[in-house]
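Hi there,

Here is the structure I promised to pass on to you. Please have a look at it first, and then read my notes below.

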Amino acid sequence: MDKIKWCAGKKEGLSLIEPNSNLAEAYIKKSEEALESMRVNVIKDWKISTAYYTLYFSLYSVLTKIGIKCEIHSCTIEFAKRFLGEFFSEEELDFTEDSLKARIDSQYYVDRTVPDEQCNQMIKKAPEFLVKCKLILIKLNEKKINEIRKEFRGALNERR
């Protein structure tokens, strides 16, 4: 089954809501707070978690502005891969997905380690991704938002 359809079929998965610039700004603020926490933390696991949440809240702010709700992180990333390729490179979204895995490994498992190089990349790229998402929020106009929403609706109605 198509992952977008799977995500839309889940209770906390992808769904259309009203586009909301105010809520998008609130997620940018959460991203900035996560970034600040990343900078002051000295514990590697917490640096990884806060770097990831800087990425995630930044990305989710874009979805919120479009009017997409999703509480499943992998589905949020999948939506971006499928519908936001104009704004994000494949490498950026793969990196976000890898960062999600790193956050899960460091937060939930004591027998898994995240390589220092990956942690350092997360710390380096988190502020850059936040700035990029802020620029995307500025560029997103009503016409583009409607196009993305229409494309999402179309994907949900496609036959297998």
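Let me begin with a question: is Phe 152 buried or exposed? Phe 152 has a relative accessibility of 0%, so it counts as buried. Please keep in mind throughout that this is a predicted model.

**The chain as a whole**

The protein chain has 7 helices and 2 strands. Going along the sequence, their order is α-β-α-α-β-α-α-α-α. The radius of gyration is 16 Å, close to the 15 Å that the globule rule gives for 160 residues, so the chain is as compact as a globular protein of that length. Along the principal axes, the C-alpha atoms fill a box of roughly 45 × 35 × 25 Å.

Of the 160 residues, 44% are buried. If you take the contacts between residues at least 6 apart in sequence, 76% of them join residues at least 24 apart. The chain exposes about 9,000 Å², and carbon and sulfur atoms supply 50% of that area. As for charge, there are 28 positive and 26 negative side chains, and the centres of these two sets lie 4 Å apart.

**Aromatic rings**

The rings are where I spent a good part of my time. With ring centres within 6.5 Å taken as a pair, the count comes to 11 aromatic pairs. One of them is formed by Tyr 56 and Tyr 60, which are stacked, with 5.7 Å from centre to centre and 15° between the planes. Both residues belong to helix α3 (residues 44-66), where they sit 4 residues apart, about one turn of the helix. Tyr 56 and Tyr 60 are both buried.

Another pair brings us back to the residue in my opening question. Phe 83 and Phe 152 meet edge-to-face, at 5.8 Å centre to centre and with 90° between their planes. Phe 83 is in helix α4 (residues 73-83) and Phe 152 is in helix α7 (residues 142-157), so this pair ties together parts that are 69 residues apart in sequence. Phe 83 has a relative accessibility of 7%, and it too falls under the 20% limit for buried residues.

There is also an aromatic cluster made up of Tyr 27, Tyr 52, Tyr 53, Tyr 56, Phe 57 and Tyr 60. Phe 57, like the stacked tyrosines, lies in helix α3. Its relative accessibility is 14%, so Phe 57 counts as buried. Leaving out residues up to four places away in sequence, Phe 57 touches Tyr 27, Lys 30 and Ser 31. Phe 57 and Glu 33 are 24 residues apart in sequence, and their C-alpha atoms are 10.0 Å apart in space.

**Around the cluster**

Which residues does His 73 touch, if those up to four places away in sequence are not counted? They are Tyr 52, Tyr 53, Tyr 56, Leu 100 and Arg 103, and the three tyrosines are members of the aromatic cluster. His 73 lies in helix α4 and is buried, with a relative accessible area of 17%.

Tyr 52 turns up again next to Ser 99. Apart from neighbours within four places in sequence, Ser 99 is in contact with Tyr 52, Leu 55, Gln 118 and Met 122. Ser 99 is part of helix α5 (residues 90-108), and with a relative accessibility of 0% it counts as buried.

**Two more residues to look at**

Gln 121 is in helix α6 (residues 116-139). At 30% relative accessibility, Gln 121 counts as partly exposed. Although Gln 121 and Ala 51 are 70 residues apart in sequence, their C-alpha atoms lie 9.6 Å apart in space.

Asn 157, in helix α7, has a relative accessibility of 64%, which is over the 50% limit, so Asn 157 counts as exposed. Between Asn 157 and Asn 141 there are 25 Å from C-alpha to C-alpha, with a separation of 16 residues in sequence.

That is what I have for now. Happy to talk it through whenever suits you.

Best wishes

Definitions and conventions. Residues are numbered from 1 along each chain as its sequence is written. This is a predicted model: local features need pLDDT of at least 70, side-chain atom pairs count only at pLDDT 80 or more; totals for chains, interfaces and linings use all residues. Side-chain values use heavy atoms; hydrogens and water are left out. The radius of gyration is taken over C-alpha atoms; the globule rule is 2.2 Å times the number of residues to the power 0.38. Buried means under 20% relative accessible area, exposed over 50%, partly exposed in between (1.4 Å probe, protein chains only). Contact means heavy atoms within 4.5 Å. Accessible areas come from the Shrake-Rupley method with a 1.4 Å probe; for residues, only the protein chains shown count as cover. Lys and Arg count as positive and Asp and Glu as negative; His and the chain ends are not counted. The place of a charge is taken as NZ of Lys, CZ of Arg, CG of Asp or CD of Glu. Rings of Phe, Tyr and Trp (its six-membered ring) pair if their centres lie within 6.5 Å; planes under 30 degrees apart count as stacked, over 60 as edge-to-face and the rest as tilted.
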